[in-house]
Amino acid sequence: MSANNAYSVVEPTTTAKTVAAFLVILYAFITMIPLFWIVITGFKSPPDSISYPPKIVFEPTLEGYCNLFTTRSRQTREYVESLGPPEGICDEITRKRQMVIVGESNYWPRFQNSLIIAFGSTILAVFLGTLTAYGFSRFKVPLADDLLFFILSTRMMPPIAVAVPIYLMYRKLGLSDTALGMILLYTAVNVSLAVWLLKGFIDEIPREYEEAAMIDGYTRLQSFWKVVLPQATTGIAATAIFCLIFAWNEYAFAVLLTSGTAQTAPPFIPTIIGEGGLDWPAVAAGTTIFVIPILVFTILLRKQLLRGITFGAVRK
Amino acid sequence: MSRSIKGLSDRAVAWWFIAPTIILLLAINIFPLIWAVKLSFTNYRANRLNAEVKDVGLRNYERILTDPDIWMAMQATAHFVFWTIFLQTLIGFALAYLIDRKFRSHAFWTTVILIPMMLSPAVVGNFWRFLYQPQIGLFNYIITFFTGAEPSSFQMLGSVDLAPWAIVIVDTWMWTPYVMLICLAGLRSIPDYIYEAAEVDRASNWRRFWSITLPMALPFIMLAVLFRGIENFKMFDMVMLLTGGGPGSTTEVASITLKREAFEKWRTGYSSAFAIILFVAVFGLANIYVKALNRVKQR
């Protein structure tokens, strides 16, 4: 509080601020410990990752990342020594464990599936959501409130409850374990969020802009395209990121409806197995890579977060 | 403002804008739901394609409501939902209150605190399983470090007494920021002049908190509880990866039971009936709650 400010009862005292800052920062540190631990576990060797007491100081290695992306097989010492010079760091690390790299693991294909399905469903959901939100925002739609509530209510169903009939339906239509099936499914889940969020954003754009444009000779579609959409860019971008995060993180449908070709990363990461149980450094490495996009998105979204998580109910 | 597009009235335009979404939702949400209702009256099993499907009337529903396993699952769910909401509201509101003291760099720390809720619940469940490992897990190590307990004397995920709390801890870690964010919006919505008036009336800090802050933030707190309640009633991914419902069935929340019935025992008809019951329960409870919420808002 600067000296030239008038005394205000609303401004907390300096002591209150210091105590609050201390407690909040303490909480932030504690809450970050699990994430910090996962990131550093990714750089541990398998024995270090399961040592007791847990090691904070250790020799960092890329073994976890190498194991994440490759499949290996154990060989005799003579065989490993008979090979030529190692190609690349992963080759070297693997040979130290008396193993050779025999191929690529499924992590990267699963990660690609996650990208395709998340982006595909986001584009579709935002496209449909923008049209629908505009429709609800600008036209007198019969039973508008009921339809909007219907759209929202589809989000209340437990995913497993819908998964049973969707599983049967997809089996009949040949959509099981296909990217298209997952894209359609995630679009259907995300479109309710997209409609509710975007309706809020479009409601905030004054109608007068379009009316003026239409008086100037624009058609309805032209004014939607050239007046409303540019104004709604922030809202559309925020909505898209929310849809992307949902599709990126989703597990229940993914684990039940995909098993191979269309499997995404979340059901895959927990199954990364090394010799003698889960390969924790590889799991941690896979988790770290998977989580980084989310961290970027969180920072981009921080101003719109509240709106997104409450379906537009709280706008600040 | 009713300028039409080449012979299309505004009404027709509205229809073209809205219909695709409605059709998609009908195809991927409502049609399967109706199908599930139909299946719930049969003894259909999705893994036996050639078996005869018999109409069993309401028998599936009767059996679910009298099945002790289902009631166990409902108890596990109730324990999970109650404690997560209780802890998240308490800690979330406290954090929001502290952040609302507007200390320097509070925006930065708020963003840091928000990170856990953006992560994939499945991935979170999976890495907490690592933190909860007996002996080697970081969580167990920290607990033994501060309490002096034997490191091998307790297993967060393997013990019948601790496992239900293990899932509550992870959910609270993950979703407290969510409640915090909504509460913060509530606190910021209280206009300054009310506090100024309280100052004129010489109301104590304590009194100010109970008569202004809490009642005015209450609709927001209730909204956060609604969202968390619905989400945690449906909880599947995080618990599935953390405990898989175990040990025994101590953490088998409703969605996990449903998954077992539907995709492991393949009792499709029976599990459809359970799905319908769950859906009706969420929907009904949410509706009643929203009515209460609106009453608080209008006060």
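This short talk walks through a predicted model with two protein chains, A and B.

Hello everyone, and thanks for coming. Let's begin with the chains one at a time and then put them together.

Chain A has 316 residues, and 55% of them are buried. Its secondary structure comes to 16 helices and four strands. How spread out is chain A, set against a compact globule? The globule rule gives 20 Å for 316 residues, while the radius of gyration here is 26 Å, so chain A is more spread out than a compact globule. If you picture a box around its C-alpha atoms, taken along the principal axes, that box is roughly 85 × 70 × 40 Å. Now think about contacts in chain A between residues with a separation of 6 or more: 73% of those involve residues 24 or more positions apart.

On to chain B. Here we find twelve helices and zero strands, and reading from the N terminus, every element in the run is an α. Chain B has 299 residues, of which 56% are buried. Its radius of gyration is 24 Å, whereas a compact globule of 299 residues would be near 19 Å. The box for its C-alpha atoms is roughly 75 × 75 × 35 Å along the principal axes. For contacts in chain B with a separation of 6 or more, the share from residues 24 or more positions apart is 68%.

Now let's bring the two together. How much area do chain A and chain B bury between them? About 9,000 Å², with 81% of it on carbon and sulfur atoms. On the chain A side, the residues that lose the most area to chain B are A:Tyr27, A:Tyr52 and A:Met156, yet together they make up 7% of what that side buries. The contact draws in 102 residues from chain A and 99 residues from chain B.

What about charge and polarity across this contact? Between chain A and chain B, the count of salt bridges is zero. There are, however, ten residue pairs in polar contact, with both residues at pLDDT 80 or more. Helix α1 of chain A, residues 14-41, gives the most to the side that touches chain B, with 18 residues. That side of chain A divides into 80 nonpolar residues, 14 polar and eight charged.

So where do salt bridges turn up? A search over all chains finds 16 of them in the whole structure. As a reminder, side chains of opposite charge can pair when their charged atoms come close. Let me show you a few.

Please find A:Lys55 and A:Asp48. They form a salt bridge, with the closest N and O atoms 2.9 Å apart. A:Lys55 is partly exposed, because its relative accessibility is 32%. A:Asp48, in contrast, has 12% and counts as buried, because that is under the 20% cut-off.

Next, look at helix α5 of chain A, residues 88-96, where A:Asp91 and A:Arg95 sit four residues apart, which means about one helical turn separates them. Their closest N and O atoms are 3.3 Å apart, making a salt bridge. Are these two buried or exposed? Both A:Asp91 and A:Arg95 are buried. A:Ile93 and A:Thr94 in α5(A) are buried too. The buried residues of this helix pack against α3 (63-69), β1 (70-74), α4 (77-82) and β2 (99-104) of chain A. After the helix comes A:Gln98, with a positive phi near 60°.

A third pair in chain A is A:Glu204 with A:Arg307, which meet at 3.1 Å, N to O. A:Glu204 is in the loop between α9 (179-203) and α10 (207-215), and A:Arg307 is in helix α16 (residues 305-309), so this pair ties together parts that are 103 residues apart in sequence. A:Arg307 is buried, at 9% relative accessible area, while A:Glu204 is partly exposed at 46%.

Over in chain B, B:Glu252, B:Lys259, B:Arg260 and B:Glu264 are joined into one network by salt bridges that share partners.

One last stop is B:Asp100, in the loop between α3 (68-99) and α4 (106-118) of chain B. What does B:Asp100 touch, leaving out residues up to four places away in sequence? The answer is B:Leu184, B:Leu187 and B:Arg188. With 11% relative accessibility, B:Asp100 counts as buried.

That's the tour. Thank you for listening!

How values were computed
Residues numbered from 1 in each chain as written. Chains lettered and ligands numbered in written order. Heavy atoms only, no water. Contact = heavy atoms within 4.5 Å. Buried area = accessible area lost by both parts, 1.4 Å probe. Salt bridge = Lys/Arg side-chain N within 4 Å of Asp/Glu carboxyl O. Polar contact = N/O pair within 3.5 Å; in protein donor to acceptor, adjacent residues only side chain to side chain. Helix = DSSP H or I, 4+ residues; strand = E, 2+ residues; numbered from the N terminus. Nonpolar A, V, L, I, M, F, W, Y, C, P; charged D, E, K, R; others polar. Rg over C-alpha atoms; globule rule 2.2 N^0.38 Å. Buried < 20%, exposed > 50% of the residue type's maximum accessible area, 1.4 Å probe, protein only.
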